[in-house]
Amino acid sequence: MRQPLVVGNWKMQGSLAGVEALLGDLVSATPAAGVEVVVCPTYVHLAQAVSLCRFSSLTLGAQDCSHVQSGAYTGEVSPAMLAEIGCRWVILGHSERRQYQGESDVLIAAKLMSAAEAGLRPIVCVGETREQREAGAAQAVVSTQLEEALKGRANLAQLVLAYEPVWAIGTGLTATPEQAQQMHAFMRVCLADIANVDSAATRILYGGSVKPDNAAQLFAQPDIDGALVGGAALVAADFLAIINAAAA
Ligand code: PGA
């Protein structure tokens with residue numbers, strides 16, 4: 001039995017006052033039974049967020065981390081530093097980082113190693129572009145991203161994956177529940193070939209324009225174990241509605 005997981009990816013948004021208000025609303029809401037909830041603010045808001053959530057069941061994640069634990073890497077933040085301040089999760093390989101920061105599968109694999117070493121729970125994102133889907137290459141793209149990020153890596157017991165079709169992120173377009181289920185089932189088959197991963201136990205989240213009105217249909221699919229939520233995670237009522245849909 002895989003416990004439902006809902007993760008809010010706040011991206012480069014928020015302010016000290018905004019984080020306090022949004023987390024205040026989330027923390028004061030009655031937690032939905034049985035759903036694990038994670039919120040991922042920017043690096044600069046993480047320590048504040050850890051403190052605001054310390055008496056709640058919400059846990060915190062970062063949106064990225066360095067591939068090493070310390071050293072002369074100007075501008076980077078290491079997984080060890082994140083773990084030390086109470087951050088428990090990290091999103092890796094988000095399509096916006098692949099696109100705007102040029103992150104490669106090789107770099108994502110190195111980040112995964114270093115995150116696992118520091119005890120952070122990784123959420124590894126994969127997904128095809130619209131052109132790749134239209135060319136019939138969606139499964140090939142996703143399986144390559146998975147293999148490159150995961151193959152041969154030790155300590156993946158805590159691994160979470162997120163299928164985020166690039167064409168559905170922030171666009172209002174969502175994969176249909178059937179399209180998403182098909183890819184999630186395919187990913188589970190791919191996982192079975194990767195050492196150190198328990199494919200039946202690994203949670204696979206869907207991401208890409210998840211909203212209160214489409215969440216329930218997505219979560220009804222057998223291989224969709226929760227969501228990685230962008231825009232709707234910034235509105236407390238919407239995020240709570242998605243969490244409740246995962247509990248139903
Ligand atoms: P979205 O973002 O929900 O705004 O489409 C999802 C994500 O990028 O993780």
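Angles under 35 degrees count as roughly parallel, over 145 as roughly antiparallel, 65 to 115 as roughly perpendicular and the rest as oblique. The model is predicted: local features need pLDDT of at least 70, side-chain atom pairs need pLDDT 80 or more, and totals for chains, interfaces and linings use all residues. Residues are numbered from 1 along each chain as its sequence is written, and side-chain values use heavy atoms, leaving out hydrogens and water.

**Exercise 1.** Classify how H9 and H10 lie to each other, and describe their contact.

*Solution.*
- Step 1. Find helix H9 (residues 212-219) and helix H10 (residues 236-247). Helices are DSSP runs of H or I with at least four residues; strands are runs of E with at least two; both are numbered from the N terminus.
- Step 2. Take the angle. The axes come within 9 Å and cross at roughly 20 degrees. Axes are lines fitted to C-alpha atoms, for helices over the stretch in contact, and angles run from 0 to 180 degrees between N-to-C directions.
- Step 3. Classify. H9 and H10 are therefore roughly parallel to each other.
- Step 4. List the contact (heavy atoms within 4.5 Å). H9 gives Pro 212, Ala 215, Ala 216 and Phe 219; H10 gives Asp 238, Ala 241, Ile 242, Ala 245 and Ala 246.

**Exercise 2.** Do the same for H7 and H8.

*Solution.*
- Step 1. Helix H7 covers residues 138-150 and helix H8 residues 177-192.
- Step 2. Their axes come within 10 Å and cross at roughly 40 degrees.
- Step 3. That angle makes H7 oblique to H8.
- Step 4. From H7, the contact uses Ala 138, Gln 139, Val 142, Ser 143, Leu 146 and Leu 150. From H8 come Met 183, Phe 186, Met 187, Cys 190 and Leu 191.

**Exercise 3.** State the strand order of the barrel, then look at the pairing of S5 with S6.

*Solution.*
- Step 1. Eight strands close the barrel in the order S1-S2-S3-S4-S5-S6-S7-S8, with parallel pairing. Two strands pair if DSSP finds at least two bridges between them.
- Step 2. On average, neighbouring strands of this sheet are turned by 25 degrees against each other, direction ignored.
- Step 3. Strand S5 (residues 121-126) pairs with strand S6 (residues 160-163) in the parallel sense over four bridges.
- Step 4. Ile 123 has Val 160 of S6 as its bridge partner.

**Exercise 4.** Explain which parts the salt bridge of Lys 11 and Glu 96 ties together.

*Solution.*
- Step 1. A salt bridge puts a side-chain nitrogen of Lys or Arg within 4 Å of a carboxyl oxygen of Asp or Glu.
- Step 2. The whole structure holds 13 salt bridges. One of them joins Lys 11 and Glu 96 at 2.9 Å, N to O.
- Step 3. Lys 11 lies in the loop between strand S1 (5-9) and helix H1 (16-28), and Glu 96 in helix H4 (residues 95-100), so the pair ties together parts 85 residues apart in sequence.
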